[in-house]
Amino acid sequence: MLYAFGFERIGVVVGDLYFVNPEPDPGQEGPERGVRLELRVLERGELKGSIYSARPIMIDRPLWRGDLLESVDGPFASFDRTHHHPRFRAWEPGLRVFVEQLSADPLGWVAERLCDLDGLLKEAGVAPDEVGPADPADLRRAVPQIMGAINLLLEGIRDGRLAQPPGHEPVTAARQGWL
């Protein structure tokens with residue numbers, strides 16, 4: 001499932017994720033599941049018809065990523081693989097950065113980071129003029145809705161509806177002993 005929140009020149013996308021790293025670092029072996037959120041650039045296209053036509057909107061390049069992940073074999077909500085990617089080079093994320101506060105309180109940490117767009121942009125090496133003047137305030141006002149979407153995704157993962165391996169029997173909380 002994917003949620004998208006758009007503002008003047010930036011957007012936030014949030015979705016569930018089941019991921020197997022083909023070249024894991026030691027201690028990161030095995031599949032991961034969770035929620036991925038990305039701060040992205042929005043590109044608005046030209047009208048495709050009359051002044052009443054729909055305008056194309058592209059969710060373009062990533063600026064920052066947060067991965068609220070956990071190992072599939074571990075307990076639900078362990079967030080043992082939770083990290084962020086403060087920088088991107090074009091479409092490629094930088095290294096995983098593990099932050100103690102992010103693992104201890106992932107939802108609180110993400111909400112705090114989203115409320116500080118200027119700080120996220122600085123850490124990402126993105127010039128402030130790449131976003132719209134109202135984007136920081138608009139994003140801050142939308143943080144409760146974004147966090148609501150993250151919570152809905154986490155509920156779907158816990159219930160076994162989301163973040164499932166492709167073509168396999170669902171990994172449910174009951175089957176893993178989480179309930």
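This is a short exchange about a predicted model.

Visitor: What makes Arg-33 and Glu-70 a salt bridge?

Guide: Their side chains meet at 3.0 Å, N to O. A salt bridge needs a Lys or Arg nitrogen within 4 Å of an Asp or Glu carboxyl oxygen, so the pair counts. The pair links distant parts of the chain: Arg-33 sits in strand E3 (residues 32-44), and Glu-70 in strand E4 (residues 57-71), 37 residues apart.

Visitor: How many salt bridges does the structure hold?

Guide: The structure holds 11.

Visitor: Why are Asp-105, Glu-112, Asp-116 and Asp-118 called a negative surface patch?

Guide: Asp and Glu count as negative, so the four names fit the sign. Patch residues need over 30% relative accessible area and no salt bridge, and like charges are joined within 9 Å; therefore these residues form a patch. One of them, Asp-118, lies in helix H3 (residues 117-124).

Visitor: How do you know that H4 has close to its expected reach?

Guide: Helix H4 (residues 135-158) has 24 residues. From first C-alpha to last it reaches 33 Å, close to the expected 34 Å.

Visitor: Where is the kink in H4?

Guide: At Val-143, shortly before the proline Pro-144, with a bend of about 45 degrees. Just after H4, Gly-160 takes a positive phi of about 85 degrees.

Definitions and conventions: Residues are numbered from 1 along each chain as its sequence is written. This is a predicted model: local features need pLDDT of at least 70, side-chain atom pairs count only at pLDDT 80 or more; totals for chains, interfaces and linings use all residues. Side-chain values use heavy atoms; hydrogens and water are left out. Helices (H or I, at least four residues) and strands (E, at least two) are DSSP runs, numbered from the N terminus. The expected span of a helix is 1.5 Å times one less than its number of residues. The bend at a residue is the angle between axes fitted to the seven residues ending there and the seven starting there. Patches are made of residues with over 30% relative accessible area and no salt bridge: like charges are joined within 9 Å, nonpolar side chains (Val, Leu, Ile, Met, Phe, Trp, Tyr) within 5 Å. Accessible areas come from the Shrake-Rupley method with a 1.4 Å probe; for residues, only the protein chains shown count as cover. The place of a charge is taken as NZ of Lys, CZ of Arg, CG of Asp or CD of Glu.
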